[in-house]
Amino acid sequence: MSLKKDVKIKLLVAFTIIVVSIYLALTKPIKLGLDLQGGISIVLEVDIDTVLENNYKQLGKDIEELLKDKEIDVLDIKVDKKRLIISILDNSKLEEAKKLIFSKFGRIVNVETDKDYLLISYKKEYLENLKKDIVNRTIEVLRRRIDEFGTLNPNIAKLGDKRIIVELPGVVNPDRAKAIIGKTAQLEILEVVDYAMSKEELLAKYPDGLPKGTKIIEGIPKKYGKQSVKEWFLVKDTPIITGDDLKDAQVRLDQYGNPAVDFELKSNSAEKFGEATARLINKRMAIVLDNKVISAPVVRSRISNAGQITGDFTPEEASDLALVLRAGALPAPVKILEERLIGPTLGKDSIQKTLNAGIVALTLVGIFMIFRYAISGFISIIALLINGLLLWATLVSFDITLTLPGIAGIILNIGMSVDANVIIFERIREELKKGKTLRVSLEEGFKRAWDAILDAQITTLIAAFVLFQFGTGPLKGFAATLSIGTITSIFTAMFITKLLLDIIVGDKKSMKYAI
Amino acid sequence: MRKFLDITPNIDFMKLKKFGYIFSSIMVLLSVAIIYFKGFNLGLDFTGGTAIQIRFEKPIDIKTLRDALKDINLEDSVIQEIGKNKRDYEIRVSLKKGSSKEIYRKVKTVLDKHFPNQYEILKLDYIGAVIGKELREASIYSIIAVMVAILVYVAYRFEPVFAIGAIVPLFHDALITMGIFSAFSIEVDLSVVAAILTVLGYSLNDTIIIFDRIRENIRIRGKKNLLLLINQSINENLSRTVITSGTTLFSVLALYLFGGESLKNFSLALLIGIIVGTYSSIYVASPIVADLERYLRKKGRKYSQVGV
């Protein structure tokens with residue numbers, strides 16, 4: 001059989017593509033989605049508003065000091081998450097205050113005056129950068145924590161502008177995963193001024209209001225036998241040390257043999273801590289985690305470089321706390337918006353079942369195509385298999401995650417990708433009926449079917465594209481396999497099928513069971 | 001099968017179109033009414049809440065499970081049997097009952113007590129209120145986005161009349177599919193929305209293949225006897241329409257029957273959508289083109305675009 005030159009070239013091209021695809025498919029492993037391999041996926045939202053409010057509070061203090069230096073007395077500062085509203089004693093100095101604030105903070109804030117108030121808000125670029133920075137830092141801390149936890153191949157990624165998705169493959173205890181991911185872990189050690197068994201009792205001791213520079217924090221309930229007791233603490237505002245001062249944290253047992261967390265301080269922090277504890281001997285200090293007092297021991301002696309946090313911890317809780325303290329606090333609190341846990345059994349189940357479905361689909365479609373189109377039908381099934389190969393090779397080379405809906409997309413593709421062949425073959429049959437030779441009908445069939453195939457597949461691509469935009473993780477996998485399969489099927493139908501038919505039919509005017 | 005529709009049939013679809021219009025209108029109106037009055041059995045993706053899927057070692061009764069959940073006051077949550085072997089169950093708890101952490105702990109405690117070491121947690125889903133609302137909105141927007149995009153594409157590739165003929169069946173297909181889901185209280189989750197989007201894209205394939213033939217025939221013979229021409233185009237293409245939909249239905253049917261519980265609703269939506277979509281490309285899309293053309297010509301409006 002002698003082949004024409006252009007057929008030879010095409011054959012070489014097809015051969016190369018197939019060999020490269022086989023190589024890729026065999027050497028690169030496919031990335032399986034959590035719904036297939038099991039694991040937990042958590043979507044978090046970073047609470048930027050809380051950070052903003054704190055930043056505004058701090059800015060308010062700075063501005064008060066700045067104005068005080070220039071003898072402008074501040075009456076009141078109102079803070080919300082959007083702005084600062086400052087009123088001053090002498091309204092005639094409003095413009096002067098505005099200028100002062102602008103000269104010092106003009107880079108990051110807008111200053112306006114509204115009758116008797118100064119309105120101060122962060123500039124848009126500053127806010128954008130802050131948001132980006134906080135989300136990025138949160139991702140960094142989460143990555144450190146998860147690395148320490150020892151999960152293999154975690155995926156941590158930004159989702160939109162203030163959300164983060166964390167995916168941990170494998171067998172994960174959801175409680176622990178959330179304890180590690182969701183905890184802000186803002187550690188503070190504060191001086192205790194006073195304490196009581198209820199908030200009311202504590203407030204009653206200060207009928208004229210709380211002393212300046214103090215605040216009330218609640219303790220976590222502690223169990224004594226069957227009773228649960230909760231203390232309330234009046235503490236100094238400014239912490240003695242914070243989580244930033246820690247050098248290390250490890251799980252140890254306390255003197256009663258209960259799990260506890262030992263921490264070690266950085267050298268300059270140790271000095272600070274030593275001074276404070278020396279001053280506080282026989283007084284209590286509060287160990288505060290995320291605004292709750294987890295324990296408030298009495299200081300027995302000067303402590304400098306190390307300390308111990310006790311509480312009603314289980315061994316796991318203690319080791320998780322040590323871990324988050326080592327990895328550092330999140331720059332902002334996070335809220336869990338969505339959580340999906342898939343056990344390993346379900347994933348295996350799904351793979352097995354969809355595999356069966358795929359085999360059934362392939363068999364049904366294969367039998368039908370061969371029965372209807374004989375040799376051409378057989379060729380279309382070869383093209384279909386090549387299409388599957390190309391689809392797989394594309395998935396692995398672009399690191400696209402294969403999900404359960406993704407497999408569904410591949411199976412759907414078995415039925416859809418032969419559509420292009422059907423359109424072509426029916427056209428060829430029609431041309432044959434008109435009395436044209438096989439060779440001519442073949443050319444006509446492919447040429448005339450092109451418009452219909454293109455238009456038809458593009459609408460499927462449109463739907464897949466929109467789905468890709470809006471879908472969540474697993475469904476993105478469906479959109480991916482559906483669209484890639486659609487594109488590769490145009491190629492296999494127009495190129496591979498044509499090539500194989502050209503080789504088999506050659507210049508023959510007719511051939512039994514060709515189509 | 002080799003000879004199936006091999007000789008171009010000569011069915012008078014244009015005569016049958018009155019039947020098609022009436023049938024489709026009734027189906028669409030019925031669907032809208034059912035959706036309006038009955039609403040959807042919305043999945044966790046849209047309602048928010050916690051769902052825990054459990055597999056027991058031995059088959060158990062749904063009542064045993066419900067009784068066990070009494071200990072933690074969750075006996076009124078939705079408990080659904082998954083599959084038919086009485087081993088897999090899903091417990092669904094609304095957002096009001098607490099966070100996933102509490103519910104996970106409670107359910108685990110109660111299962112450990114009643115079925116120690118005889119169960120496995122297959123899956124846990126928690127969707128917060130924010131996400132549920134966003135996904136509801138995103139679903140509606142995406143369906144609209146697909147329709148608009150398809151309309152624009154078809155209008156660009158074909159004459160405006162064809163674009164209308166293509167888009168009306170899309171509403172028809174989507175509404176009837178959703179109507180059936182509503183009527184039988186089949187759960188609508190994100191995957192069903194994905195299936196409907198796919199159906200919108202795919203069911204247009206058939207329509208476009210017929211339109212393509214009409215366009216080709218117009219090029220050859222002109223628009224003189226459009227009704228006859230459309231009818232002939234449908235007939236010439238009948239084998240194609242049936243076979244392309246048929247092979248895809250093979251795939252979807254395999255998915256529906258063997259693909260497992262997780263893909264059941266998804267493949268059912270595809271199944272219904274593709275069948276309805278194939279019907280509508282023959283009985284809705286083409287008659288609309290024919291009638292619109294005739295209407296425009298009767299009004300004497302100059303419809304000057306020729307061919308494409």
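In this predicted model, helix 1 (residues 13-38) of chain B and helix 9 (residues 264-298) of chain B bring their axes within 9 Å, crossing at roughly 115°. That angle makes helix 1 of chain B roughly perpendicular to helix 9 of chain B, and the crossing is left-handed. If you want to click through the contact, helix 1 of chain B brings B:Phe13, B:Met14, B:Lys17, B:Gly20, B:Tyr21 and B:Ser24. Helix 9 of chain B answers with B:Ile282, B:Tyr283, B:Val284, B:Pro287 and B:Ala290. Sorted by class, that contact comes to 8 nonpolar, 2 polar and 1 charged residues.

Now for the domain layout. Chain B splits into domain 1 (13-43 + 131-298) and domain 2 (49-127), and their centres, taken over C-alpha atoms, are 39 Å apart. Chain A is cut into domain 1 (5-37 + 345-505), domain 2 (48-125) and domain 3 (187-328). Between the centres of domain 1 of chain A and domain 2 of chain A there are 64 Å, again over C-alpha atoms.

Next, the place where the chains meet. How many residues does each chain put into the contact? Chain A and chain B give 56 residues each. On chain A's side, the elements giving two or more residues are helix 6 (174-182), strand 20 (334-342), helix 10 (344-397), helix 11 (404-433), helix 12 (438-470) and helix 13 (473-505). Helix 10 of chain A gives the most, with 15 residues. By class, chain A's side has 34 nonpolar, 10 polar and 12 charged residues.

The chains also share a sheet. It is open, has 8 strands with antiparallel pairing, and follows the order 7(A)-8(A)-2(A)-20(A)-5(B)-2(B)-4(B)-3(B). Strand 7 (155-159) of chain A and strand 3 (78-82) of chain B are its edge strands, each pairing on one side only. From one strand to the next, the twist averages 20°. Helix 10 of chain A packs on this sheet, where it touches strand 20 of chain A along with strand 2 and strand 5 of chain B. The direction of helix 10 of chain A makes about 90° with that of strand 5 of chain B.

So where do the two chains join within that sheet? Strand 20 of chain A runs antiparallel to strand 5 (residues 119-127) of chain B, with 5 bridges joining them. Across that pair, A:Arg340 stands opposite B:Asp125. On the chain B side, strand 2 (residues 49-56) of chain B pairs with strand 5 of chain B in the antiparallel sense over 8 bridges, and here B:Ala51 stands opposite B:Asp125. Here are three strand pairs lined up, including one from a sheet described further down.

| Strand pair | Bridges | Facing residues |
|---|---|---|
| strand 20 of chain A, strand 5 of chain B | 5 bridges | A:Arg340 and B:Asp125 |
| strand 2 of chain B, strand 5 of chain B | 8 bridges | B:Ala51 and B:Asp125 |
| strand 3 of chain A, strand 4 of chain A | 5 bridges | A:Asp76 and A:Ser87 |

That other sheet belongs to chain A: 4 strands, open, in the order 3-4-6-5, with antiparallel pairing. Its edge strands are strand 3 (74-79) and strand 5 (109-114) of chain A, each with pairing on one side only. The twist here averages 20° from one strand to the next. Strand 3 of chain A is joined to strand 4 (residues 84-88) of chain A by 5 bridges, and A:Asp76 stands opposite A:Ser87 there.

Helices pack on this sheet too. Helix 3 of chain A touches strand 3 and strand 4 of chain A, its direction making about 165° with that of strand 3 of chain A. Helix 4 of chain A lies across strand 4, strand 5 and strand 6 (117-122) of chain A, and runs at about 175° to strand 5 of chain A.

Those helices also meet each other. Helix 3 (residues 48-69) of chain A and helix 4 (residues 94-105) of chain A pack with axes 10 Å apart, at an angle of about 120°, and are therefore oblique to each other. The crossing is right-handed. On the helix 3 side of chain A you'll find A:Ile63, A:Leu66 and A:Leu67, which meet A:Ala97, A:Leu100, A:Ile101 and A:Lys104 in helix 4 of chain A. The class split is 6 nonpolar, no polar and 1 charged.

Last up are helix 12 and helix 13 of chain A, whose axes come within 9 Å and cross at roughly 175°. These two helices of chain A are therefore roughly antiparallel to each other. Their contact divides into 19 nonpolar, 4 polar and 3 charged residues.

Terms used
Residues are numbered from 1 along each chain as its sequence is written. Chains are lettered from A and ligands numbered from 1 in the order in which they are written. This is a predicted model: local features need pLDDT of at least 70, side-chain atom pairs count only at pLDDT 80 or more; totals for chains, interfaces and linings use all residues. Two residues are in contact if their C-beta atoms, placed from the backbone, lie within 7 Å. Ala, Val, Leu, Ile, Met, Phe, Trp, Tyr, Cys and Pro count as nonpolar, Asp, Glu, Lys and Arg as charged, and the others, Gly among them, as polar. Two strands pair if DSSP finds at least two bridges between them. Domain bounds come from an automatic or database domain assignment. Axes are lines fitted to C-alpha atoms, for helices over the stretch in contact, and angles run from 0 to 180 degrees between N-to-C directions. Angles under 35 degrees count as roughly parallel, over 145 as roughly antiparallel, 65 to 115 as roughly perpendicular and the rest as oblique. A crossing is left-handed if the near helix is turned anticlockwise from the far one by less than a right angle, and right-handed if clockwise.
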